[in-house]
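Here are a few exercises to work through with the structure open beside you. Try each task before you read its solution.

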Amino acid sequence: MGDFREREPQVMKENVYLLKDAMEKAPRLRGVPTGVKGLDELFFKVEWENGKPVRKPLGGIPEYAVINLTGMPDTGKSLIAEQFTVKQASLGQKVCFITVESPASFVAASLRERATAMGIEFEKIENNIILIDAASNSRLRDDVPTMLDTLAYVYRTYKAHRTVIDSITGLFEAKEMLARSIVRAFFNFMKKWYQTAIFVSQKRSGHEGLSAEAAGGYAVGHIVDSTMVLSKEVILSESRARSYKVDFGDIVRLFRIDGCRMCGHDTKVHLMNITELGLVEIGPPLVEVLKRKG
Ligand SMILES: Nc1ncnc2c1ncn2[C@@H]1O[C@H](COP(=O)(O)OP(=O)(O)OP(=O)(O)O)[C@@H](O)[C@H]1O
Ligand SMILES: [Mg+2]
């Protein structure tokens, strides 16, 4: 390190903005419907009404947000990711779905199932969903620049503004010390291309069920705009069965939003249900159920 006084100043003027000018590029706060019943009302914005600020539901996740969707195995992460994909495609959006876990043909079959359950015709969505099969290609999985080049190609060709990665964890398998830099690279890329994105991230069994921690430590949660956590509990005690008002041996599924830096949001733990058609629905706050008599 030399003497600072001998240095020529190197000012990064292009990174200095007056608020007024930064606002010109700032996105308006808008909701992006998820296709998950009960979820879109849990994000809020503030509006003035009769001279007072009031809380209004956003009607979806905030546009251009990168959302981390985390939970243990079999908690409903892929179902939510698929419902979001199908819903957005049915609204005419191009959606880029990066599959890291199962090959594209399996995801395609699953998306068709989801569409059927949601009452959406397959013809309405088949040309709006672009699958990147990283499950079948180790170069896409292991080499971040190759994946980002491929993504840029998809964004340019199809004009996509919605991205799903199932899962981001699969992109740092066996190299969790790189989790932070990999998630950061994808997060920045989503921002650059104005994507509304869902990153699915897996939890390890050592993690506490409803915490935001996922594989790679807290790396994912700190970088993204918002985290949604899913958990499930098998009820194996009579007293828990009584307080949840379910039968011994039933599964209770829970959902919560662990922060969102783009807008206000509900902070309660909610019951969650997976219907027999394979659709996730967010239920009432857990506290309301526990308070109910009988
Ligand atoms: N078509 C379906 N019909 C009914 N239930 C389904 C259907 N598909 C999935 N489920 C239920 O939803 C659960 C969650 O599935 P999902 O694939 O979303 O889990 P996940 O959180 O992505 O798990 P993983 O981390 O293993 O990928 C399944 O274990 C199953 O109980
Ligand atoms: Mg899954």
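**Exercise 1. The ligand**

How many residues surround ligand 1, and which are the closest?

Solution. Before counting, know what you're looking at: this is a predicted model, where local features need pLDDT of at least 70, side-chain atom pairs count only at pLDDT 80 or more, and totals for chains, interfaces and linings use all residues. Residues are numbered from 1 along each chain as its sequence is written, while chains are lettered from A and ligands numbered from 1 in the order in which they are written.

Step one: pick out the residues near the ligand, meaning those whose C-beta atom, placed from the backbone, lies within 6 Å of it. You should get 13 residues around ligand 1, with Pro73, Asp74, Lys77, Ser78 and Gly278 the closest.

Step two: sort them. Ala, Val, Leu, Ile, Met, Phe, Trp, Tyr, Cys and Pro go down as nonpolar, Asp, Glu, Lys and Arg as charged, and the others, Gly among them, as polar. The shell around ligand 1 then splits into three nonpolar, six polar and four charged residues.

Step three: see which element gives the most. That's helix 2 (residues 77-90), with three residues in the shell. Helices (H or I, at least four residues) and strands (E, at least two) are DSSP runs, numbered from the N terminus.

**Exercise 2. Helix 2**

Work out what length and how much burial helix 2 has.

Solution. Start with the length. The expected span of a helix is 1.5 Å times one less than its number of residues. For the 14 residues of helix 2 that gives 20 Å, and its end C-alpha atoms are indeed 20 Å apart.

Next, burial. A residue is buried if 20 or more other C-beta atoms lie within 10 Å of its own, exposed if 12 or fewer, and partly exposed in between, with C-beta atoms placed from the backbone. Helix 2 is mostly covered, with 13 of its 14 residues buried.

Finally, look past the end: helix 2 is followed by Gly92, which has a positive phi near 95°.

**Exercise 3. Helix 3**

Which residues of helix 3 are buried, and which are exposed on the other side?

Solution. The buried ones are Val107, Leu111, Arg114 and Ala115. Look down the axis of helix 3 and these fall within an arc of 100° (taken from the directions from the helix axis to the C-beta atoms), so they line one face of the helix. Ser105 and Ala109 are exposed on the other side of helix 3.

Now ask what does the covering. For the buried residues of helix 3, it includes helix 2, strand 6 (95-99), helix 4 (122-125) and strand 7 (129-133). Contact here means that two C-beta atoms, placed from the backbone, lie within 7 Å.

**Exercise 4. Helix 7**

Repeat the burial check on helix 7 and find what its buried residues pack against.

Solution. Ala179, Ile182, Val183, Phe186, Phe187 and Met190 are buried in helix 7. Seen down the axis of helix 7, they fall within an arc of 130°, so they line one face of the helix. Their packing partners are strand 5, helix 6, strand 8, strand 9 (196-202) and helix 8 (219-223). Just after helix 7 comes Tyr194, with a positive phi of about 50°.

**Exercise 5. The core**

Which residues have the most contacts inside the largest nonpolar core?

Solution. A nonpolar core is a set of buried Ala, Val, Leu, Ile, Met, Phe, Trp, Tyr and Cys residues joined through C-beta atoms within 7 Å. The largest has 69 residues, and Ile67, Val183, Ile198, Phe199 and Val220 have the most contacts inside it. Take Ile198: leaving out residues up to four places away in sequence, it touches Ile67, Leu69, Ala81, Phe84 and Val164.

**Exercise 6. Backbone oddities**

Where does the backbone do something less common?

Solution. Keep the background in mind: most residues other than glycine have a negative phi, and most peptide bonds are trans.

- The peptide bond from Asp166 to Ser167 is cis, with omega near 0°. Ser167 sits in the loop between strand 8 (162-166) and helix 7 (179-192).
- Ala174 lies in the loop between strand 8 and helix 7, and its phi is positive, near 65°. With 6 C-beta neighbours inside 10 Å, Ala174 counts as exposed.
- Lys159 is in the loop between helix 6 (144-158) and strand 8, with a positive phi of about 55°. It has 9 C-beta neighbours inside 10 Å, so Lys159 is exposed.
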